[in-house]
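User: Please take a close look at one part of this model, the surroundings of the ligand. I would also like to know how those surroundings are tied into the rest of the chain, with the reasoning spelled out.

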Amino acid sequence: MAIERTLSIIKPDATRRNLTGRINAKFEDAGLRIVAQKRIHLSKAQAGQFYAVHAERPFYDELCTFMASEPVVVQVLEGEGAIAKNREVMGATNPANADDGTIRKEFALSVGENSVHGSDAPETAATEIAFFFSGLELVG
Ligand code: CMP
């Protein structure tokens with residue numbers, strides 16, 4: 001399988017509860033390498049731009065308000081099949097449907113406050129990585 005990179009966000013519900021290290025350990029234990037990482041506080045407009053694909057969804061405003069409520073940790077994960085592997089480690093979007101051992105099963109509070117975001121496909125990964133990081137910041 002090819003080496004891929006994917007964009008991951010540790011969301012405000014998780015940074016607030018000091019879970020960054022425990023979530024990063026889940027990624028690393030799964031063989032994913034954190035090749036870029038920074039803690040930032042998004043404005044609501046920036047969150048809206050990042051999640052523009054969901055602009056028509058009923059939860060869009062709630063999602064943007066939440067993502068701008070407290071700092072997030074944005075990161076690039078690298079590894080074999082990193083996009084699918086990250087989604088496996090995260091678990092289902094709704095923690096009620098997430099498998100045992102996944103980040104969302106262990107840490108997420110609800111479908112909205114679900115602790116992590118991960119890119120869903122190679123094209124989205126490229127766009128989402130470029131949204132937060134310059135090439136100079138990616139150290140493989
Ligand atoms: P994420 O993987 O970051 O992509 C879009 C996000 O929208 C998703 O995780 C959820 O946090 C959020 N989301 C999806 N469905 C709902 C919902 N029904 N109510 C609130 N937020 C939602």
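Analyst: A residue counts as buried when its relative accessible area is under 20%, as exposed when that value is over 50%, and as partly exposed in between. The model is a predicted one, so what follows describes computed geometry.

With that cut-off in hand, a good starting place is Ser115, which is placed in the loop between helix 6 and strand 4. Its relative accessibility is 0%, and because that is under 20%, Ser115 counts as buried. The backbone of Ser115 has a positive phi of about 70 degrees, although Ser115 is not a glycine. Asn114 is likewise placed in the loop between helix 6 and strand 4, and with a relative accessible area of 2% Asn114 is therefore buried as well.

Asn114 brings us to the ligand itself. The residues surrounding the ligand are Lys11, Tyr51, His54, Phe59, Glu62, Leu63, Thr93, Arg104, Val111, Gly112, Asn114 and His117. Asn114 places a polar side-chain atom 3.3 Å from an oxygen atom of the ligand. For Lys11, a polar side-chain atom lies 2.7 Å from an oxygen atom of the ligand, and for Tyr51 the corresponding distance from a polar side-chain atom to a ligand oxygen atom is 2.6 Å. Of the 460 Å² of accessible area that the ligand has on its own, the protein covers 79%. As for the site as a whole, the ligand sits in the largest pocket. Two of the residues named here also meet each other, since the side chain of Asn114 makes a polar contact with the side chain of Lys11, at 2.7 Å. Asn114 thus has a place in the surroundings of the ligand and also a side-chain partner, Lys11, within the protein.

How is the loop that holds Asn114 tied to other parts of the chain? One link runs through Glu113, whose side chain meets that of Arg16 in a salt bridge with an N to O distance of 3.0 Å. Because Glu113 lies in the loop between helix 6 (103-107) and strand 4 (116-118), while Arg16 lies in helix 1 (residues 12-16), this pair ties together parts that are 97 residues apart in sequence. Glu113 counts as partly exposed at 27% relative accessibility, and Arg16, with a relative accessible area of 42%, is also partly exposed. Within the loop, then, Glu113 is partly exposed, whereas Asn114 and Ser115 are buried.

A further salt bridge joins the side chains of Glu137 and Lys38, with 3.2 Å from N to O. Glu137 lies in the segment after helix 7 (122-132) and Lys38 in strand 2 (residues 33-40), and so the pair ties together parts that are 99 residues apart in sequence. Glu137, with a relative accessible area of 35%, is partly exposed, and Lys38 counts as partly exposed at 24%. Returning to Arg16 and Glu113, salt bridges that share partners join these two residues and Glu70 into one network.

A third pair belongs in the picture. Arg5 forms a salt bridge with Glu78, in which the closest N and O atoms are 2.8 Å apart. Here too distant parts of the chain are linked, as Arg5 is in strand 1 (residues 3-10) and Glu78 is in strand 3 (residues 72-80), 73 residues apart. The partners fall on opposite sides of the 20% cut-off, because Arg5 is partly exposed at 30% relative accessibility while Glu78 is buried at 17%. If a salt bridge is taken as a side-chain nitrogen of Lys or Arg within 4 Å of a carboxyl oxygen of Asp or Glu, the count comes to 8 salt bridges.

For contrast with the buried loop residues, consider Asn18, which is placed in the loop between helix 1 and helix 2 (20-29). Asn18 has a phi near 60 degrees, a positive value in a residue other than glycine, and a relative accessible area of 67%, so Asn18 is exposed. A positive phi is therefore found here in a buried residue, Ser115, and in an exposed one, Asn18.

Key:
Residues numbered from 1 in each chain as written. Predicted model: local features only at pLDDT ≥ 70, side-chain atom pairs only at ≥ 80, totals over all residues. Heavy atoms only, no water. Helix = DSSP H or I, 4+ residues; strand = E, 2+ residues; numbered from the N terminus. Buried < 20%, exposed > 50% of the residue type's maximum accessible area, 1.4 Å probe, protein only. Near = heavy atom within 4 Å. Polar contact = N/O pair within 3.5 Å; in protein donor to acceptor, adjacent residues only side chain to side chain. Areas by Shrake-Rupley, 256 points an atom, 1.4 Å probe, with all protein chains shown as cover. 1 Å grid on protein atoms, 1.4 Å probe; cavity = no way out; pocket = protein on both sides within 12 Å on 5 of 7 lines; lining within 4 Å. Sits in = over half its atoms within 2 Å of the grid points.
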